[in-house]
Amino acid sequence: MTGGEALVRNLAAHGTDVVFGIPGNHNLGIYEHLAASSIRHVLARHEQGCGYSADGYARVSGRPGVALVTAGPAVLNALAALGQAYSDSVPVLLLSPGMPLRHPARGNGHLHETKNQQAAVDAVVKVSHRVTSVSEIGDAVSQAFVDMTAGRPRPVHIEVPIDVLDEFADVEIRRPVPLTKASAPPEELTRAAALLAESARPGIVVGGGARFAAPQIRRLAERLGAAVVTSTNGKGTLPEDHSLSLGAGAHLPAVAEWVRTRDVLVAVGTDLGSSDLWNGPWQLDGSLVRIDIDPRQILINARPNVALVSDAAHALDSLLGLLGEGSTIAGSAREATGWASRVHGEAAEEGALWHREIQMISEVLDRDAIVAGDSAAFCYYGLRANLPLYEPASFLYPTGYGTLGYGLPAAVGAKVAAPDRQVVALLGDGGVMFTIAELASAAAERLALPVIVVDNGGYGQIRHNMHRRGYSPLGVDIPSPDFAALGRALGCHGITIDGAEHLGEELAKALVADRPTVLHYLEGDSPV
Ligand SMILES: Cc1ncc(C[n+]2csc(CCOP(=O)(O)OP(=O)(O)O)c2C)c(N)n1
Ligand SMILES: [Mg+2]
């Protein structure tokens with residue numbers, strides 16, 4: 001078979017059922033076989049969209065998301081999305097053609113020639129692998145899936161030279177490599193359990209790395225009577241109406257104080273990064289037990305007293321086993337709920353301006369709803385710590401890398417992965433313009449996807465920061481297009497909403513509509 005067929009058939013053998021792509025001349029040898037396969041193709045309208053949709057698909061399905069683009073500019077267009085996936089530990093596979101093996105000369109003006117495409121991608125992802133023969137493709141796909149899923153999930157790239165795509169060879173279709181999950185050494189687990197058994201004021205911090213350990217997080221919290229705070233990516237891992245939930249406002253001063261006063265803090269699958277904590281590293285007077293699949297990460301930002309290099313669910317199952325049945329320490333649970341009301345109070349103050357909007361949205365959403373956001377004030381000051389979510393990986397947000405334009409295409413990927421769950425995209429008027437073309441992708445797929453554009457007339461946060469630095473804002477006051485009309489032009493429904501009172505009702509309609517709906521929400525008093 002050809003290199004193109006080998007690639008498609010090996011992907012299918014590794015469980016790929018959807019590809020987010022854009023065809024071009026150089027990847028025709030892949031598309032030919034994709035068309036003949038059972039893999040679904042979802043057309044994006046810009047390669048950034050391919051990458052963000054694959055990211056949203058991966059976060060929600062728990063399986064790698066695949067983006068397929070052509071060479072050169074198409075690959076570079078996808079790089080911001082790969083950077084986001086890297087920073088948030090999301091398994092995304094970028095497939096692209098590359099310059100031919102028998103490239104006649106450097107700089108010969110070949111269509112899409114990039115000085116060093118593979119090196120450009122390699123600088124951003126875990127590994128960029130340029131294969132050099134058809135027979136290598138099966139192993140390359142297997143290795144890519146191992147790189148994406150064996151340890152810390154990360155994006156990878158496979159580049160197939162254009163001439164290899166059309167070359168014939170005997171090919172074996174590979175099966176996925178069976179993987180075992182890493183577990184921590186028993187003596188380290190015993191040390192951690194001993195600390196916890198003695199603890200009077202335990203606490204738990206949960207990141208995106210705990211997304212497959214939600215039942216264990218809940219059991220540990222209830223066993224210890226420990227409150228749980230999550231990072232943005234961990235939001236919803238413990239249902240946010242649980243009495244032990246402190247929510248996802250890890251940056252709040254009350255959370256920093258709660259952390260400082262824990263005698264033992266268990267941090268699970270979180271890098272404790274400044275993009276979550278905002279106000280510098282936490283002060284920790286007690287002991288830190290850290291669980292992380294990545295032995296390099298486990299030392300960063302806070303050095304643990306006990307380091308459990310392990311799959312999160314494994315380590316927590318072992319700790320629960322060692323702690324035994326026992327009953328919740330009543331005093332500690334009471335203390336935890338006291339902290340919860342303090343933290344929720346601070347969060348509500350910070351998000352006060354959007355209180356009604358958030359309440360309206362919350363009333364309409366099911367418990368397993370998925371919300372995709374962007375780097376907009378409404379998302380990070382409003383939704384993050386104030387919109388209750390109840391499932392792991394239900395808040396799709398560009399945390400560490402902070403790229404704009406993430407939310408809409410990520411929501412497309414999420415809705416493709418989970419068509420029966422409610423998915424809502426919530427973005428700023430500035431951010432949505434970065435990937436507005438993906439409305440057309442969502443419309444073509446007939447996705448019942450509400451896209452709420454919160455319009456404060458420009459780059460609100462940046463405007464605010466310019467004011468703070470004492471100069472006249474430049475390049476931040478942006479006259480908005482008629483987003484509703486723009487949505488309609490791209491095949492969606494579109495309405496303009498002035499005032500919170502209609503938001504809930506319009507959102508409810510959009511969630512069951514026959515296509516996406518742009519809800520252009522004119523914000524009254526913007527804080528930024
Ligand atoms: C790709 C990218 N380019 C630029 C920025 C810088 N940036 C951060 S927030 C922001 C303003 C976003 O405006 P909007 O989406 O309307 O949200 P608002 O601040 O108004 O709430 C900008 C330009 C970024 N984060 N990502
Ligand atoms: Mg704005």
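How many nonpolar, polar and charged residues does the lining of the second largest cavity have? By class, five are nonpolar, three polar and two charged. The structure is a predicted model, and this report covers its enclosed spaces, its largest pocket, and the sites of ligand 1 and the magnesium ion.

**Cavities**

Three cavities of 30 Å³ or more are present in the structure. The second largest cavity encloses about 40 Å³ of space. Its lining consists of Val 205, Ser 231, Ala 250, Thr 270, Asp 271, Leu 272, Gly 273, Asp 276, Leu 277 and Trp 282.

The largest cavity holds about 50 Å³. Around this space stand Leu 272, Leu 277, Pro 281, Trp 282, Leu 284, Asn 301 and Ala 302. Six of the lining residues are nonpolar and one is polar, with no charged residue. Leu 272, Leu 277 and Trp 282 appear in the linings of both the largest and the second largest cavity.

**Largest pocket**

The largest pocket has a volume of about 790 Å³. Its lining comprises 43 residues, and those nearest the centre of the pocket are Ser 89, Arg 152, Pro 153, Gly 208 and Gly 209. Two or more lining residues come from each of helix 3 (47-61), helix 6 (137-149), helix 11 (274-277), strand 10 (287-292) and helix 12 (312-323). Helix 11 gives the largest share, three residues.

The class make-up of the three linings is set out below.

| Space | Volume | Nonpolar | Polar | Charged |
|---|---|---|---|---|
| Largest pocket | about 790 Å³ | 13 residues | 20 residues | ten residues |
| Largest cavity | about 50 Å³ | six residues | one residue | no residues |
| Second largest cavity | about 40 Å³ | five residues | three residues | two residues |

**Ligand 1**

The shell around ligand 1 contains 17 residues, of which Ala 377, Gly 402, Gly 430, Gly 431 and Gly 460 come nearest. By class the shell has six nonpolar residues, ten polar and one charged.

Oxygen atoms of ligand 1 pair with both backbone and side-chain atoms of the protein. A backbone N or O atom of Gly 431 is 2.7 Å from a ligand oxygen. For Gly 458, again through a backbone N or O atom, the distance to an oxygen of ligand 1 is 2.9 Å. The side chain of Asn 456 places an N or O atom 2.9 Å from an oxygen of the ligand. Taken alone, ligand 1 exposes 590 Å², and the protein buries 75% of that area. Helix 17 (429-432) and helix 19 (460-469) are the elements that give two or more residues to this shell.

**Magnesium ion**

Which protein residues are donors of the magnesium ion (ligand 2)? They are Asp 429 through OD, Asn 456 through OD1 and Gly 458 through O, lying 2.0 to 2.2 Å from the ion. Along the chain the donors follow the spacing D-x26-N-x1-G. Asp 429 belongs to helix 17, while Gly 458 sits in the loop between strand 15 (450-455) and helix 19; this pair, 29 residues apart, links distant parts of the chain.

Two of these donors also take part at the ligand 1 site: Asn 456 has a side-chain N or O atom 2.9 Å from an oxygen of ligand 1, and Gly 458 has a backbone N or O atom 2.9 Å from one.

Conventions: Residues numbered from 1 in each chain as written. Chains lettered and ligands numbered in written order. Predicted model: local features only at pLDDT ≥ 70, side-chain atom pairs only at ≥ 80, totals over all residues. Heavy atoms only, no water. Near = heavy atom within 4 Å. Polar contact = N/O pair within 3.5 Å; in protein donor to acceptor, adjacent residues only side chain to side chain. Areas by Shrake-Rupley, 256 points an atom, 1.4 Å probe, with all protein chains shown as cover. Helix = DSSP H or I, 4+ residues; strand = E, 2+ residues; numbered from the N terminus. Nonpolar A, V, L, I, M, F, W, Y, C, P; charged D, E, K, R; others polar. 1 Å grid on protein atoms, 1.4 Å probe; cavity = no way out; pocket = protein on both sides within 12 Å on 5 of 7 lines; lining within 4 Å. Points joined across faces, edges and corners; volume = space filled by probe spheres on them. Donors = N, O, S within 2.8 Å, 3.2 Å for Na, K, Ca; no water.
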